[in-house]
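Work through the exercises below with the structure in view. Try each task before reading its solution.

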Amino acid sequence: MWDVDTGGGDRLALAVLTQYRMATTEQLHRLIAPGVRSEQTRRRMAKLRNEGLVDRITLPRAGRLRVWFPTSYGAHIASEWPELRGRRPPKTVSDPTAARLRTGHTLTVTETALAFIEDARRRGDLCRPLDWIPEVHHSLGAGEAVIPDALMYYRRGTADGDDGAMLRAFVEVDRATMGPERLAAKIGAYARLHRYISTPVARRRSTFTQDLVEEEWRRRYPLFPRVLFVLDGTGPVGVTTRIRALHAAAQDPAAADGFLRYVPVLVASLTDLRSHSPSAPVWHPVEEPAAPVTWSQ
């Protein structure tokens, strides 16, 4: 057994770290305990490390930044909890060297999550740390799959006459490590997921009726989640180049007629999310050059 505090802070810290794969001390503090002193989070993580549930690396070129990740033992323990049950087991890193090689993208995804979570707190909306689920697998058959960087659940508040609607979004975080064309190809992948129907199991059918066939995503979501591209790792020129590539991909008839007509696909830079907030009109629709919009409208 391990010592879990009565307030559940240890449990939340391990659950969040298991789900997010990796986070700095500051990121964890902002996620799980923004209302207390950061020293409390540092002590909590040191205790979990002593118990063999988490480990850390130090990045010497980033001001000796400490990055935490769950051990295989910690991930196994957390994966059995109800709040994480039914989700694909995380790909845990085997040692500090493996963790170091994954820090760049993973920490940027975590920072993107914080932009939405902290904005929701300010606005009175609901987007808790465990409402951000990295790497949710969606099969396309024949060994192919769409695996967004994150699936986000976000419930709007009831202020201003809003009905508190639940919003869902697939989030793709691009750090300019792949070419613009490869990034734009993801629109086609989501279009295929939108129309994908798995091969039904053979069964007896009535003479007068046939089983209804529906797209696979409808088994999980009442509406197909909107798709949000978040760009980082490049300057304004690089952001513009990538937005243009996404615009060009959106002109494909298969994407425009069967997908973009029904699903909002938007793109924004992480710099704008940090400077203005995700709820600000900083999102560009990929199907046509237009004035920026809010992601939740």
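The chain's secondary structure comes to 9 helices and 11 strands. The model is a predicted one.

**Exercise 1. The chain as a whole**

Task: Find what share of the 297 residues is buried, what the accessible surface comes to, and what share of the contacts joins residues at least 24 apart.

Solution.
- Step 1. Start with burial. Of the 297 residues in the chain, 48% are buried.
- Step 2. Turn to the surface. The accessible surface is about 15700 Å², and carbon and sulfur atoms hold 50% of it.
- Step 3. Look at contacts along the sequence. Take those between residues at least 6 apart: 61% of them join residues at least 24 apart.

**Exercise 2. The order of a sheet**

Task: Give the strand order of the open sheet of 6 strands, and say which strands stand at the edges.

Solution.
- Step 1. Read off the order. It is β4-β7-β8-β9-β10-β11, and the pairing is mixed.
- Step 2. Find the edges. β4 (132–134) and β11 (284–285) each have a single partner strand, so one side of each has no neighbour in the sheet.
- Step 3. Recall how such strands are held. Strands of a sheet pair through backbone hydrogen bonds, either parallel or antiparallel.
- Step 4. Begin at β4. This strand pairs with β7 (residues 150–155) in the antiparallel sense, over 3 bridges. Trp132 has Met152 of β7 as its bridge partner.
- Step 5. Move on to β7 and β8. They pair over 6 bridges, in the antiparallel sense. Here Tyr153 has Arg168 of β8 as its bridge partner.
- Step 6. Go to β9 and β10. These two pair in the parallel sense, over 5 bridges. Phe229 stands opposite Val267 of β10.
- Step 7. Add a helix. α7 lies across β8, β9, β10 and β11, and runs at about 155° to β9.

**Exercise 3. A buried glutamate**

Task: Place Glu172 in its strand, decide whether Glu172 is buried or exposed, and list the polar contacts of its side chain with Lys186 and Tyr190.

Solution.
- Step 1. Place the residue. Glu172 belongs to strand β8 (residues 166–174).
- Step 2. Check accessibility. Buried means under 20% relative accessible area. Glu172 has 4% relative accessibility, so Glu172 counts as buried.
- Step 3. Look for polar contacts. The side chains of Glu172 and Lys186 are joined by one of 2.9 Å. Another, of 2.6 Å, links the side chain of Glu172 to that of Tyr190.
- Step 4. Widen the view. Beyond its neighbours within four places in sequence, Glu172 is in contact with residues including Ile147, Pro148, Asp149, Leu228, Phe229 and Val230.

**Exercise 4. Two helices and their cover**

Task: Find which residues are buried in α8 and in α2, and what packs against them in α8 and in α2.

Solution.
- Step 1. Take α8 (residues 253–260). Ala255, Phe259 and Leu260 are buried there. They span an arc of only 70° around the axis, so they lie on the same side of α8.
- Step 2. Recall the geometry. An α-helix has 3.6 residues a turn, so residues three or four places apart point the same way.
- Step 3. Name the cover. The buried residues of α8 pack against α6 (180–195), β9 (226–231), α7 (236–249) and β10 (265–269).
- Step 4. Now take α2. Its buried residues are Thr25, Gln27, Leu28, His29, Arg30, Leu31 and Ile32. With 7 of its 8 residues buried, α2 is largely enclosed by the rest of the structure.
- Step 5. Name this cover too. It includes α1 (9–20), β1 (23–24), α3 (38–50), β3 (65–70) and α5 (96–123).
- Step 6. Zoom in on Arg30 of α2 (residues 25–32). Its 17% relative accessibility makes Arg30 count as buried. A polar contact of 3.1 Å joins its side chain to that of Glu111. Beyond its neighbours within four places in sequence, Arg30 also has contacts with Leu114, Glu118 and Arg121.

**Exercise 5. A cysteine in a loop**

Task: Locate Cys127, and find how far apart Cys127 and Met152 are in sequence and in space.

Solution.
- Step 1. Cys127 sits in the loop between α5 and β4.
- Step 2. At 5% relative accessibility, Cys127 counts as buried.
- Step 3. Cys127 and Met152 are 25 residues apart in sequence, and 8.1 Å apart in space from C-alpha to C-alpha.
- Step 4. Met152 is in contact with Cys127, as are Ile117, Ala120, Tyr153 and Tyr154.

How values were computed:
Residues numbered from 1 in each chain as written. Predicted model: local features only at pLDDT ≥ 70, side-chain atom pairs only at ≥ 80, totals over all residues. Heavy atoms only, no water. Buried < 20%, exposed > 50% of the residue type's maximum accessible area, 1.4 Å probe, protein only. Helix = DSSP H or I, 4+ residues; strand = E, 2+ residues; numbered from the N terminus. Arc of directions from axis to C-beta. Contact = heavy atoms within 4.5 Å. Polar contact = N/O pair within 3.5 Å; in protein donor to acceptor, adjacent residues only side chain to side chain. Pairing = 2+ DSSP bridges. Axes fitted to C-alpha atoms, helices over the stretch in contact; angles between N-to-C directions. Areas by Shrake-Rupley, 256 points an atom, 1.4 Å probe, with all protein chains shown as cover.
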